[in-house]
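Trainee: I would like to learn how to read a structure like this one, step by step. Could we take one feature at a time, with the general idea before the particular case?

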Amino acid sequence: MVPALPSNADPDIEQVRAKVDRLFHEAEVATERHHDAELRLEELRADLSDLRADESKQQKRVASLQAAVDRNLAAEYEGQTISATSRMVVSGDPAAFLSELTTLNSYRDLQARTIDELDRESQALEIRREATEDSADELADTEKSLAKEKAAADAKLAEAKDLLGDLEAEERARFEAESSRGNTTRLPDDVKASGRAAAAIQFALAQLGDSYVYGAAGPNAWDCSGLTMAAWGQAGVGLPHSSRAQQGYGTPVSSDNLQPGDLVFYYSPVSHVGIYLGGGRIVHAANPSTGVVISGVFSMPFSGAVRPG
């Protein structure tokens, strides 16, 4: 019989690190999906506002046409447009009668066109109402998705913190040493960049050593897309707060054609982003146990790169 391990047996730091890294990544995936949902929510709110304004204008158009039709029907009912036969009986002037008949026919043609237009505009109003309802429903679903992704990220982060909290001081030091392997916060002196790329890199490097916080975009804490958004924002290029969305803001470049300043994306689907420095390195907000550091460009599963601007 194999004796049980004592309850105070040292944990396998490599296993703990692997599990914590997995939890951090899962939390980041959920956070980036949260960012995507926030972007979609902004779009939906703008769309819904436009739809409601359009629906209001259409409602006024329909109301105006309906009022015109009602007035015309009331006029006929009150005898203001008596029948053509009645006019023939009372008229002693055939030429005047024909003139009035032409006017009456024109009036009724106009009445028919007004009713047709009212029907068309009413159908258009119904289409707008349906579009508004659909947009409102999607907005509500997106708000639920936001809450779900936030809860998922918080749960993964809490689990990772619990694991780290169980480590003794010596074990925590070993964990941090393992986690920092291959990363550095030492400022490089060989980055060759110019123009807007240089401005973005300079800003990102100024944040080396800052904390990683899910959903943060400065000034002293960042998540991956928050850092790249702020860095390129300093260079005058607007990026969304989402690694997946940032992949659509620039010219795609291959891994063997990277230049300093390029945004480099990781995992599939994309859930992490950093800024290429040259020399096979990126600066990025890595995870809560590492913060903003310089790492190898292929230290994570590479999925693509773009050149902003």
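Mentor: Let us begin with burial, where a residue counts as buried when its relative accessible area is under 20%, as exposed when that area is over 50%, and as partly exposed in between. Please keep in mind throughout that this is a predicted model.

Trainee: With that cut-off in hand, how many of the residues of E7 are buried?

Mentor: Strand E7 is mostly covered, since 4 of its 5 residues are buried. For the chain as a whole, buried residues make up 38% of the 309 residues.

Trainee: How should I apply the cut-off to a single residue, and does His34 count as buried or exposed?

Mentor: His34 has a relative accessibility of 15% and therefore counts as buried. This residue is found in helix H1, which covers residues 13–77, and, leaving aside its neighbours within four places in sequence, His34 is in contact with Leu146, Glu149 and Lys150. Ala155, found in helix H3 (residues 94–165), is partly exposed because its relative accessible area is 46%. The C-alpha atoms of Ala155 and Leu23 are separated by 9.2 Å, although these two residues lie 132 residues apart along the chain.

Trainee: How many helices and strands does the chain have, and in which order do the strands of the open sheet lie?

Mentor: The general idea is that strands of a sheet pair through backbone hydrogen bonds, either parallel or antiparallel. Here the chain has 7 helices and 8 strands, and an open sheet of 6 strands follows the order E3-E8-E4-E5-E6-E7, with antiparallel pairing. The edge strands, each of which pairs on one side only, are E3 (251–253) and E7 (292–296). From one strand to the next, the twist averages 35°.

Trainee: How do I look at one pair of strands, and which residue stands opposite Tyr266?

Mentor: Take strand E4 (residues 263–266) and strand E8 (residues 302–307), which run antiparallel and are joined by 4 bridges. Within this pair, Tyr266 stands opposite Phe302 in E8. At the other edge you can follow E6 and E7, which also run antiparallel and are joined by 5 bridges, with Ile282 opposite Ser295 in E7. The hairpin of E6 and E7 has 6 residues between the strands, and in this hairpin Gly291 takes a positive phi near 75°.

Trainee: Which strands does helix H6 touch where it packs on the sheet?

Mentor: Helix H6 (residues 224–234) touches E4, E5, E6 and E7, and its direction makes about 50° with that of E5.

Trainee: At what angle do H5 and H6 pack, and why are they called oblique to each other?

Mentor: H5 and H6 pack at an angle of about 135°, with their axes 7 Å apart. Angles from 65 to 115 degrees count as roughly perpendicular and those over 145 as roughly antiparallel, so the two helices, H5 and H6, are oblique to each other. H5 passes H6 in a right-handed crossing. On the side of H5 the contact is made by Arg196, Ala197, Ala199, Ala200, Phe203 and Ala204, and on the side of H6 by Leu227, Ala230, Ala231, Trp232 and Gln234. Sorted by class, the contact of H5 with H6 has 9 nonpolar, 1 polar and 1 charged residues.

Note on methods. Residues numbered from 1 in each chain as written. Predicted model: local features only at pLDDT ≥ 70, side-chain atom pairs only at ≥ 80, totals over all residues. Heavy atoms only, no water. Pairing = 2+ DSSP bridges. Axes fitted to C-alpha atoms, helices over the stretch in contact; angles between N-to-C directions. Contact = heavy atoms within 4.5 Å. Parallel < 35°, antiparallel > 145°, perpendicular 65-115°, else oblique. Left-handed = near helix turned anticlockwise from the far one by under 90°. Nonpolar A, V, L, I, M, F, W, Y, C, P; charged D, E, K, R; others polar. Buried < 20%, exposed > 50% of the residue type's maximum accessible area, 1.4 Å probe, protein only.
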